[in-house]
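Please look over the sequence and the 3D structure shown here, and then read the notes that follow, which are grouped by topic.

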Amino acid sequence: MGNVLKEYLQDPFLHRLYSDIRKVGSIKAISVDITHDCNLRCLGCYFFAENMDKNKTPPDEAEFDVFVEREKARGTNFITVIGGEPSLMLDRLEKLYDNFWIVTVTNGLRKIPYKGFENMSIAVSVWGDHETDKKLRGGGKVDVFAEGLKNYKNDPRVGWYYTTTSGHAHEVESVVEQCIENGNHVLFTFYGDISQTGGDVDHHRGFGQVCHEINRMIERYPDRILMTSYMNKVISTGKLYDEKWGYDVCSSITFDNEMNRERVKNGKPYNPHFRAYNPDLKTTRRCCVGEVRDCSNCFDVWAHYSWIMMSMKRHLGSKREFTNWLTTVYLFYMTNWIIDFKEASKLLPEIHKRVSYLREEFL
Ligand SMILES: C[S@@+](CC[C@H](N)C(=O)[O-])C[C@H]1O[C@@H](n2cnc3c(N)ncnc32)[C@H](O)[C@@H]1O
Ligand code: SF4
Ligand code: SF4
């Protein structure tokens with residue numbers, strides 16, 4: 001492994017990416033539901049679909065502080081803050097921000113102030129263009145996307161976290177244009193049709209058009225899209241070398257949760273630090289996005305990041321494969337502001353250029 005890696009790293013660009021991420025040291029990640037509460041009820045939200053809000057947030061501030069100290073002592077250094085809606089708990093959010101690298105995922109309705117959160121990565125969720133987003137997220141009434149655009153105009157911390165649905169590929173361009181005109185970046189994930197609504201939100205109908213559009217957006221805005229064509233391919237095909245995506249290979253699981261006792265014994269990599277904490281901050285769940293949920297409807301981008309990150313060795317067969325791995329992993333560090341976002345994002349056009357061959361089959 002040493003020699004091939006050395007050979008690939010003779011390329012100064014790859015060397016730069018690799019040394020940037022290695023300098024950081026190991027990432028000890030967890031996910032935390034900072035609150036059980038939310039100001040929306042989106043269609044098929046995994047959190048409410050499995051009643052995860054039943055584990056109530058502790059009202060006592062001291063209990064939250066104990067949690068922070070315990071995680072620090074355990075070595076945690078990176079937290080994906082979710083819920084519920086994190087913007088409803090700004091004081092606690094600030095405590096996490098002060099102690100860890102964090103990415104906060106928010107619905108965008110309530111602005112997270114700049115002061116106190118200057119270098120925090122914020123992923124603002126959007127599920128489609130105004131009408132679709134209003135229908136799926138705003139109960140047919142609230143234009144959630146419009147509120148988010150207003151709240152985060154020219155905010156450099158923001159990457160729009162665009163959950164795509166299979167029958168709405170024609171909206172991708174317009175959504176991306178609006179986010180970019182708003183002065184923000186864009187990343188993608190894919191809707192999991194947990195409530196079996198079917199039809200135009202179900203990705204079992206295929207990813208073709210959506211992937212085509214994402215790749216077109218990478219070509220059009222290479223300096224703004226925080227997702228590689230390799231990630232796009234892995235999620236849409238559900239394949240990584242000889243492995244097929246699913247529970248048996250997913251490494252985004254709580255390592256010491258009883259539900260995963262057999263999984264951690266199956267020989268596939270898992271993260272021996274990761275825990276997905278429920279809002280009570282005491283109990284954990286099977287994985288970041290599910291308790292007993294059927295994994296065949298999970299296309300979660302963070303879980304796929306973990307799958308790819310843990311399989312560097314498999315990507316050493318050629319420089320091209322290693323480039324797929326490295327550029328994708330680099331985007332994880334960049335998107336979460338674990339490395340200097342401003343500096344790293346200057347490399348985006350070259351990152352996308354390096355894997356342009358993957359887009360040829362789509363475009
Ligand atoms: C549960 S939410 C919590 C954070 C915040 N309330 C929000 O909506 O951004 C975390 C992320 O999961 C996404 N999400 C929820 N249900 C989903 C589903 N069924 N399929 C794909 N993504 C989903 C949301 O869009 C959001 O980006
Ligand atoms: S805003 Fe987030 S937590 Fe609330 S219902 Fe929508 S996806 Fe779920
Ligand atoms: S729902 Fe997704 S993240 Fe959770 S165990 Fe299944 S595949 Fe992994």
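Ligand 2 is surrounded by Cys-38, Leu-40, Arg-41, Cys-42, Cys-45, Phe-48, Gly-84, Asn-107 and Arg-137, where a residue counts as near a molecule if one of its heavy atoms lies within 4 Å of it. This is a predicted model, in which local features need pLDDT of at least 70 and side-chain atom pairs count only at pLDDT 80 or more, whereas totals for chains, interfaces and linings use all residues. Residues are numbered from 1 along each chain as its sequence is written, chains are lettered from A and ligands numbered from 1 in the order in which they are written, and side-chain values use heavy atoms, with hydrogens and water left out.

**The shell around ligand 2**
- By class, this shell holds five nonpolar, two polar and two charged residues, with Ala, Val, Leu, Ile, Met, Phe, Trp, Tyr, Cys and Pro counted as nonpolar, Asp, Glu, Lys and Arg as charged, and the others, Gly among them, as polar.

**The surroundings of ligand 1**
- There are 19 residues around ligand 1, and those that come nearest are Gly-44, Glu-85, Ser-125, Trp-127 and Gly-192.
- The shell around ligand 1 divides into nine nonpolar, eight polar and two charged residues.
- Strands β3 (101-106) and β5 (158-164) each supply at least two residues of this shell; strands (E, at least two residues) and helices (H or I, at least four) are DSSP runs, numbered from the N terminus.
- Among the polar contacts, which are pairs of N or O atoms within 3.5 Å, a nitrogen atom of ligand 1 lies 3.0 Å from an N or O atom in the side chain of Glu-85, and a nitrogen atom of ligand 1 lies 2.9 Å from a backbone N or O atom of Gly-192.
- Taken alone, ligand 1 exposes 540 Å², of which the protein buries 92%, the areas coming from the Shrake-Rupley method with a 1.4 Å probe.

**Strand β5 and its partners**
- Seven of the seven residues of β5 are buried, meaning that each has under 20% relative accessible area (1.4 Å probe, protein chains only).
- Val-158, Trp-160, Tyr-162 and Thr-164 point one way from β5, while Gly-159, Tyr-161 and Thr-163 point the other way.
- Strand β4 (residues 121-126) pairs with β5 in the parallel sense over five bridges, where pairing requires that DSSP finds at least two bridges between the strands, and Val-124 stands opposite Trp-160.
- Strand β6 (residues 185-190) also pairs with β5 in the parallel sense, over six bridges, and Tyr-161 stands opposite Leu-187 in β6.

How values were computed. A polar contact is a pair of N or O atoms within 3.5 Å; within protein, one must be able to donate a hydrogen and the other to accept it, and residues adjacent in sequence count only if both atoms are side-chain atoms. Buried means under 20% relative accessible area, exposed over 50%, partly exposed in between (1.4 Å probe, protein chains only).
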